[in-house]
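Reader: I should like to learn how backbone geometry and helix packing are read from a model. Could we take the features in turn?

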Amino acid sequence: MFIDEELRERFELSINRIKEIAEETAAGTDYFKHAAAHVIYVLQAYGCLDNAEKKLSLEELRERNEKVFAELQKDGYEKSYLNPDYAEEKLGSFGKVMSFLYFELYNLPMLITDDKAFDIVILMELLLEVYIIHTSEDRPSLKAVEEAVYYYAFDYSEELIRERIEEILLPVEGLAYDICVNADLGSEDYLYSYGEYIGDNERGLSRYLAELPEEEIDKIAATFVNGFRKGFITMNVPFEGKKTVNIRYSIGQERIVRAAIKRFDEIGLKPILYRYAISRVNRKQVIRQGFTNISYNMQCDYDHRNDDAFFLNKRMVERKLDIMKRVYEEYREDAAVYAGPAVIESFGETTVEPVTKDSASVYTDPQQKLYVDYSVRSGEIVNEYIPGDKYSFTIIAFPVPEVHPDFEAVFEETVRLNTLDSDKYERIHQHIIDALDPAAYVKVEGRNGNKTDMHVTMRKLADPEHESQFENCTADVNIPVGEVFTSPVLEGTHGTLHVSHVYLNGLLFKDLKMDFEDGCIRGFNCGNFDDEEKNKAYIRENVLQNRDSLPLGEFAIGTNTAAYSMANKYDIMGKLPILIMEKTGPHFAVGDTCYRHAEDSRIFNPDGKEIVSKENSFSALRDTEPEKAYFNCHTDITIPFDELGRIYAVYQDGTEVDIIRDGRFVLAGTEELNEDL
């Protein structure tokens, strides 16, 4: 691991001092003894102290896995410094910052398996620096500890941000590539090479895929890769010159990834496989963008979502943006040949309703504004080097064993959903689009206690013979098939959007309600907490991304009644990913439109009509006031069919044409969709 001699020396100095701390008996050093012991055990377990990781049996690998990650398990977490409640109980006002430090240290197994010697050393040195602050004074200074954390992030942001951008852009044959291409995927052993916690979902999924016939795996990979390639055609993006594709997946799905790599190679694309961001310098809230395990502690992730509050100030924001700009410029040519992300999602794992803890880190009001500012400006930098109209993407999802006792049946049903007849849906969608295109507005109304009452303003087409407001979405970038969607006119769009329960960005929202005026959110609430202010703060942080409002970026009608039927059959509606969920009824997205940074690309439906509803009054500012044009978020909120009363188009003369009534498609030409209902 330590090719660099200076790093080796720093490591040796640090580990020797950490070994001494583990033996300390002085009062008030319990935290440091515990952290030191954990660091030593992990380094020893992964062969970093004797420079030779021993070949372990499967039983030994499982035992190491359980012991290393014991504090992420439910019982262990309650009495762990990872838990800010426990840290505050034991350390008082130091709880937040010390919990942050321990959370960063707990990532050591991943840093070791990713061969990130520098990251390991600077974390060990930070632990020692904080230890010195605590033990060199009778009354240690909280400010001094927080400054140590701040300057750790500030001083090393150059290396950490550069490292992350290189991971994103360069097709290095590292850990994940070696596993997906070369490992024996029929053996459980390979799973423990990731340095992540491996649970029943990862083991069960890997075992199930290992037993599938090769032709079945290849069929899945073909659907996935063909969807990606078709995206370039659908979005009218040139494919020539593209050389790399980022494959994102969940641990356990490697057999699909292996087959996909072969197919991508056939069309000239090399895979980029990187782990989700580990360091809080690079990580955004609870988002895991990259390969990840499935069996992680969601409450722990949520507790630490705002840990960058320790170093989020204007100076840090400007430094990060400057580094981003310089590194992307350095890798300009690599960015230009990037074809986009190809994502294999997982769904069905047990989710939690997160507890919002007063002991956890939280942004101040100025920091919330800085977060938004950084999000917008960093998005502009990325779009400068990887323009949104110059790449494609595709997303597909498969269940994990925890989804249902009859997991195999659900998996087979999901494969069927992902390979439905696109031609059939294209034909049915056209009937819906033909009814919607002439509308002055569309009304969406709920039933069975759903209070939705939305008035969605449509554009007047200048050339109805050759233009359309809605995209006929079949199985290309968004798999499975099944929706028609548009970017609605904001001005005049108003009403209430309501759902009884929905998972957004992995978090449960109960009785979610949003009020719109001129297409923008003007009020919001939910029923997760007894305290109304906590409900609003929960939405503001996790849906509005620390903003007071967002515009309506998309209005769509999902048509995949087969997915809805499957979800009801196995009672897994609450476990569906948004990718499938959005196809099971009408949905509204808050944030950017589906055409963010690609508004000027000419896109056509299968009938030859050009889609002209690609922007709104915010994205129209992209050339004159780019800082106001985009929000760098897009969250779909779906109304399921059993909560849907009516969707109908209203024409200029007052004529009403029903698309859906009482949860059933009633428009002529769409009746086939009711067969699965």
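Reader: How is the exposure of a residue read here; is Asn236 buried, partly exposed or exposed?

Author: This is a predicted model, and the class follows from relative accessibility, with buried meaning under 20% and exposed over 50%. Asn236 has 46% relative accessibility and therefore counts as partly exposed. Its place is in the loop between α12 (214–234) and β1 (244–248).

Reader: What is the phi of Asn236?

Author: Most residues other than glycine have a negative phi. Asn236, a residue other than glycine, has a positive phi, near 55°.

Reader: Which value does phi take at Gln285, and where is that residue placed?

Author: For Gln285, again not a glycine, phi is positive and near 45°. Gln285 lies in the loop between β2 (270–272) and α14 (298–303). With 5% relative accessibility, Gln285 counts as buried, because the class requires a value under 20%.

Reader: Which residues does the cis peptide bond join?

Author: Most peptide bonds are trans. Here a cis peptide bond links Ile479 to Pro480, with omega at about 15°. Pro480 is found in the loop between β8 (471–473) and β9 (483–486).

Reader: How should one describe the packing of α6 and α8?

Author: Two packed helices are described by the angle between their axes and the distance between the axes. Helix α6 (residues 95–105) and helix α8 (residues 117–135) pack at about 155°, and their axes are 10 Å apart. An angle over 145 degrees counts as roughly antiparallel, and α6 and α8 are therefore roughly antiparallel to each other. The crossing of α6 past α8 is left-handed. On the α6 side the contact is made by Met98, Leu101, Glu104 and Leu105, and on the α8 side by Leu123, Leu126, Leu127, Val130 and His134. Sorted by class, this contact of α6 with α8 has seven nonpolar residues, one polar and one charged.

Reader: At what angle do the axes of α12 and α13 cross?

Author: The axes of α12 and helix α13 (residues 254–266) cross at roughly 55° and come within 8 Å. That angle makes α12 oblique to α13. The crossing of α12 past α13 is right-handed. Residues of α12 that meet α13 include Ile217, Ala221, Phe224 and Phe228, while those of α13 include Arg255, Ile256, Ala260 and Phe264.

Reader: How many residues of each class has the contact of α12 with α13?

Author: The contact of α12 with α13 has 11 nonpolar and four charged residues, and no polar ones.

Terms used:
Residues numbered from 1 in each chain as written. Predicted model: local features only at pLDDT ≥ 70, side-chain atom pairs only at ≥ 80, totals over all residues. Heavy atoms only, no water. Helix = DSSP H or I, 4+ residues; strand = E, 2+ residues; numbered from the N terminus. Buried < 20%, exposed > 50% of the residue type's maximum accessible area, 1.4 Å probe, protein only. Axes fitted to C-alpha atoms, helices over the stretch in contact; angles between N-to-C directions. Parallel < 35°, antiparallel > 145°, perpendicular 65-115°, else oblique. Left-handed = near helix turned anticlockwise from the far one by under 90°. Contact = heavy atoms within 4.5 Å. Nonpolar A, V, L, I, M, F, W, Y, C, P; charged D, E, K, R; others polar.
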